[in-house]
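Please walk me through this protein as a careful colleague would, taking the salt bridges, the pocket and the surface in turn.

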Amino acid sequence: MIRLLLIVLVALLIGTALSLGLQYDLGYIRISLGNYLVETNFWVGLFVLAALVALILVTVALIRRLGRSTGFVTGWLARGNERRARRRTTQGLLALAEGNWPRARKLLEASAGHADTPLINYLAAAQAAFESGDHEAVDTLLRRAFESTPGSDMAVGITQAQLQLAGNRLEQALATLIRLRKQAPHHPFVLKLLKNTYLRLEDWRELSRLLPELRKRDLIDQGEAAELERTTWHNLLQKAADDCKRQSTETSASLEPLTRLWDQLPGSMRRDEYTIRDYARLLAELGDEAQAETLLRKVLRNHWSDELINLYGRVKGLKPDEQLLTAEQWLKDRPNNAELLLALGRLSLRNELWGKAREYFETSLRLRRSRETMAELSRLNAHMGEEEASARLLMQGLVKDSGLPDLPMPRA
């Protein structure tokens with residue numbers, strides 16, 4: 001109320017001053033512009049000047065308001081684009097989950113420019129493109145994903161490696177994973193993907209170097225680690241044996257690649273019975289049965305294994321008679337071990353003790369009906385002139401292994 005009264009008072013004072021001023025002739029204003037001449041009363045000129053200033057102020061105010069209105073419209077449009085992008089992203093992810101790859105890629109790629117997280121859009125679109133079989137588009141979308149979000153190199157690289165592995169592009173996946181490992185040497189998922197890649201590439205040497213890191217980081221359980229390590233060294237031993245065969249001459253074979261690899265084995269593998277069996281078997285195949293027999297004898301004294309005793313009965317040591325005596329000493333502690341009795345039968349044959357060999361085979365067969373033992377006894381009977389007994393054993397083994405039903409048969 002007081003402010004209104006003051007405004008009215010000021011207006012009255014200004015009006016009074018103007019009415020008093022108009023009573024005096026203060027002259028005129030003349031403006032010359034080229035060939036034009038404008039003359040006007042001083043008060044009229046002052047009024048025009050005031051009106052011009054007011055017009056300028058009003059124009060500036062309108063321009064400012066229009067600018068604010070444009071910003072509001074722009075913001076409103078941007079928010080609308082973001083809402084549509086979120087809706088399309090959701091629809092695209094649903095289509096991806098439903099297996100509608102073309103629709104998923106279209107929605108995800110189209111909404112990536114206005115999405116809150118364009119990286120997710122591009123990665124999901126790359127997945128959809130891969131499922132559609134468009135590998136060229138996959139690389140393009142992954143590049144856009146990397147460009148859209150700073151610091152996304154690891155996420156994009158891992159996705160790229162996974163898609164390369166899924167597409168059986170193993171060499172490209174390996175190159176991608178090696179690059180990622182240089183950036184993050186201990187990244188768990190990168191190490192796991194590397195393990196799978198080496199396994200599929202059958203790169204046993206690199207896998208053997210990676211295994212200690214996987215164990216150290218607890219990235220695989222103990223059972224899987226043991227099996228994977230056993231498989232890795234089994235293949236490396238076989239490869240070394242193949243190298244030995246390639247290096248062999250007409251008179252001798254070099255065992256150096258195989259024995260050198262054995263010395264490189266971790267302690268746990270040098271004590272593993274399956275790895276020992278592989279090494280001894282390869283030694284025997286390469287002609288060094290004596291070294292294989294020595295290794296097996298040392299191991300069996302401290303660690304019993306039916307797998308190893310079976311192999312021990314197959315190899316020929318430097319002294320077959322002492323080899324037989326050693327095995328017979330083990331029989332005192334294991335009188336009912338069918339595998340040991342089979343090995344003793346074979347060692348008896350090597351020492352040309354035919355009757356003892358048949359006795360060992362028959363005892364082993366009574367303890368466990370084994371096709372292998374039955375074949376050995378049948379072969380021995382045939383060579384001893386007992387063809388009927390040999391044929392009977394072969395028939396029993398054939399009928400048993402064929403899984404024939406129990407049916408009535410005519411009497412002989």
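**Salt bridges, a pocket and a nonpolar patch**

Asp 263 and Arg 270 are joined through their side chains by a salt bridge, with 3.9 Å from N to O. The model is a predicted one, and that distance falls under the rule that a side-chain nitrogen of Lys or Arg lies within 4 Å of a carboxyl oxygen of Asp or Glu. The two partners can be described by their accessibility: Asp 263 counts as exposed because its relative accessible area is 56%, whereas Arg 270, with 34%, is partly exposed.

By this rule the count of salt bridges comes to 26, and two further pairs involve helix H10. In one of them, the side chains of Lys 195 and Glu 224 meet with 3.2 Å between N and O. Since Lys 195 belongs to helix H8 (residues 188–201) and Glu 224 to helix H10, this pair ties together parts that are 29 residues apart in sequence. Lys 195 counts as buried, its relative accessibility being 10%, while Glu 224 is partly exposed at 34%.

The other pair consists of Arg 230 and Asp 272, whose closest N and O atoms are 2.9 Å apart in a salt bridge. Here Arg 230 lies in helix H10 and Asp 272 in the loop between helix H12 (267–270) and helix H13 (273–285), so the bridge ties together parts that are 42 residues apart in sequence. Asp 272 is buried, with a relative accessible area of 11%, which is under the 20% that sets the limit for this class.

Salt bridges also occur as a network, one that links Arg 277, Asp 278, Arg 281, Glu 285 and Glu 307. One member of this network, Asp 278, has its C-alpha atom 6.8 Å from that of His 234, although the two residues are 44 residues apart along the chain. His 234 has its place in helix H10, and with a relative accessible area of 30% it is partly exposed.

Helix H10 appears again at the largest pocket, which has a volume of about 210 Å³. Which residues lie nearest the centre of this pocket? Of the 13 residues that line the pocket, these are Arg 205, Leu 236, Lys 239, Ala 240 and Asp 243. The elements that give two or more residues to the lining are helix H9 (204–216), helix H10 (222–247) and helix H11 (256–264), and the largest share, five residues, comes from H10. Sorted by class, the lining has six charged, five nonpolar and two polar residues.

Elsewhere on the surface there is a nonpolar patch formed by Leu 49, Leu 52, Val 53, Leu 55, Ile 56, Leu 57 and Val 60, which together have about 650 Å² of accessible area. Leu 52, one of these residues, lies in helix H2 (residues 42–98) and counts as partly exposed because its relative accessibility is 47%.

Another leucine, Leu 377, is found in helix H19 (residues 371–383), and at 4% relative accessibility this residue counts as buried. The C-alpha atom of Leu 377 is separated by 7.3 Å from that of Glu 362, a residue 15 residues apart from Leu 377 along the chain.

Conventions
Residues are numbered from 1 along each chain as its sequence is written. This is a predicted model: local features need pLDDT of at least 70, side-chain atom pairs count only at pLDDT 80 or more; totals for chains, interfaces and linings use all residues. Side-chain values use heavy atoms; hydrogens and water are left out. Patches are made of residues with over 30% relative accessible area and no salt bridge: like charges are joined within 9 Å, nonpolar side chains (Val, Leu, Ile, Met, Phe, Trp, Tyr) within 5 Å. Accessible areas come from the Shrake-Rupley method with a 1.4 Å probe; for residues, only the protein chains shown count as cover. Helices (H or I, at least four residues) and strands (E, at least two) are DSSP runs, numbered from the N terminus. Buried means under 20% relative accessible area, exposed over 50%, partly exposed in between (1.4 Å probe, protein chains only). On a 1 Å grid over the protein atoms alone, a cavity is a set of points where a 1.4 Å probe fits but cannot get out, and a pocket is an open set with protein on both sides within 12 Å along at least five of seven lines; lining residues have an atom within 4 Å of a point. Grid points are joined across faces, edges and corners, and a volume is the space filled by probe spheres set on the points. Ala, Val, Leu, Ile, Met, Phe, Trp, Tyr, Cys and Pro count as nonpolar, Asp, Glu, Lys and Arg as charged, and the others, Gly among them, as polar.
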